[in-house]
Amino acid sequence: MSAKKFVWPPVKPEDGCALVTGGSGAIGSATVQALAADGWPVVVHYGRNAEKAQQVVADVEAAGGTAVAIAADLADPAAPEQLLAAAVEALGPVRVLVNNAGITADNLAMQLSDDDWQSVIDVDLTAAFRLIRPALSPMIRARFGRIINVSSVIALRNNPGQANYAAAKAGLLGLTRSVAAEVARRGVTVNAVAPGFIESEMTEGLLEDLVGHIPARRAGQPEEVAATIRFLASPEASYVTGSTLVVDGGLGA
């Protein structure tokens, strides 16, 4: 008996859109550009910096793509579902969801306040779940969906002073594996990307002391993370699900 030939999913970018949370940041904006280059209309989510988000939209449009910026405070329990609804209204069904938004509130565990713990968990982990939950049904009906959760190498190695951030990013990995197993038969993949130290506003001033600990002896570029996300969003990644792709120059090795 011959093996059944695999057929690429019929969904194309014109059948829906991609939503990138934290789309105005370094990794987020690079991801928006990468997905737009593949033809996806992209929703650029942002929290506070409307100017940066509009610049990302302008860059996409200048390259011939389609993008819109939508604001949402992901710490608000109602915001994720409202963001998803606004994305659908603006550009159509969300077929690619990139949970990239994240914040930090660093301190040693014995000095970490309840508010600092909860704020990071709410934005970095809970908001991702609250976006995934309503996004799944339309993806399942279409027999195509790509969910990519942006975790961190901190989920895989120790980093004193970031117990809240490490817990949230490690939680994303567990969420990724569980949801991936639930929907794998339905044409929906769920994967995670774990960046190491990437040049961005968040790491500005820190990299000089850290580069010596990275086997590649350099910081990563946002475009290198975006290229990994771009692959996971593609039809060619249809057999990759429940995985974590680490982009860290060998730091976690």
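User: How does α1 pass α2, as a left-handed or a right-handed crossing?
Analyst: α1 passes α2 in a right-handed crossing. Keep in mind that this is a predicted model.

User: At what angle do the two axes cross?
Analyst: Roughly 25°. The axes of α1, residues 26-37, and α2 come within 10 Å. Angles under 35 degrees count as roughly parallel. That makes α1 roughly parallel to α2.

User: Which residues meet there?
Analyst: From α1, S29, V32, Q33 and A36. They meet V56, D59 and V60 in α2.

User: And where does α2 pack?
Analyst: On the sheet. Helix α2, residues 50-62, touches β2 (42-46) and β3. The direction of α2 makes about 165° with that of β3.

User: OK, the sheet then. What's the strand order?
Analyst: The order is β3-β2-β1-β4-β5-β6-β7. These 7 strands form an open sheet with parallel pairing.

User: Which strands are at the edges?
Analyst: β3 (67-71) and β7 (244-247). Each of them pairs on one side only.

User: How much are neighbouring strands turned against each other?
Analyst: By 20° on average, direction ignored.

User: Zoom in on β1 and β4. How many bridges?
Analyst: They pair over 4 bridges, in the parallel sense. In one example, A18 has V96 in β4 as its bridge partner.

User: What lies across β5, β6 and β7?
Analyst: α5 does. β5 covers residues 145-150. Relative to β6, α5 runs at about 160°.

User: Switching to the inside. Which residues touch the most other members of the largest nonpolar core?
Analyst: L19 and L97. That core has 41 residues.

User: Which elements supply at least two residues each?
Analyst: Three strands are on the list: β1 (17-20), β4 (94-99) and β6 (188-195). The helices are α3 (79-91), α4 (114-142) and α5 (163-183). α4 gives the most, with 10 residues.

User: What does L97 contact, leaving aside neighbours within four places in sequence?
Analyst: L97 is in contact with L19, L131, I132, A135 and M139. R146, I147 and I148 are also contacts of L97.

User: How many residues are in the second core?
Analyst: There are 27, in a separate core. A18, V42, V56 and A233 are included. A18 is the residue bridged to V96, and V56 takes part in the meeting of α1 and α2.

User: Now N191. Buried or exposed?
Analyst: Buried. N191 lies in strand β6, and its relative accessible area is 0%. Buried means under 20%, so N191 qualifies.

User: What is N191 in contact with, leaving out neighbours within four places in sequence?
Analyst: N191 is in contact with I147, I148, N149, T176 and L232. V240, T241, G242 and S243 are further contacts of N191.

User: How far apart are N191 and S119 in space?
Analyst: 24 Å, C-alpha to C-alpha. In sequence they are 72 residues apart.

User: Any loops to look at? Where is Q162 found?
Analyst: In the loop between β5 and α5. Q162 is buried, with a relative accessible area of 11%. Neighbours within four places aside, Q162 is in contact with T104, D106, N107 and I154.

User: Last one: where is A219?
Analyst: A219 sits in the loop between α6 (207-210) and α7 (222-232). At 8% relative accessibility, A219 counts as buried. A219 and F197 are 22 residues apart in sequence. In space, the two are 5.7 Å apart, C-alpha to C-alpha.

Conventions. Residues are numbered from 1 along each chain as its sequence is written. This is a predicted model: local features need pLDDT of at least 70, side-chain atom pairs count only at pLDDT 80 or more; totals for chains, interfaces and linings use all residues. Side-chain values use heavy atoms; hydrogens and water are left out. A nonpolar core is a set of buried Ala, Val, Leu, Ile, Met, Phe, Trp, Tyr and Cys residues joined through side-chain atoms within 4.5 Å. Buried means under 20% relative accessible area, exposed over 50%, partly exposed in between (1.4 Å probe, protein chains only). Contact means heavy atoms within 4.5 Å. Two strands pair if DSSP finds at least two bridges between them. Axes are lines fitted to C-alpha atoms, for helices over the stretch in contact, and angles run from 0 to 180 degrees between N-to-C directions. Angles under 35 degrees count as roughly parallel, over 145 as roughly antiparallel, 65 to 115 as roughly perpendicular and the rest as oblique. A crossing is left-handed if the near helix is turned anticlockwise from the far one by less than a right angle, and right-handed if clockwise.
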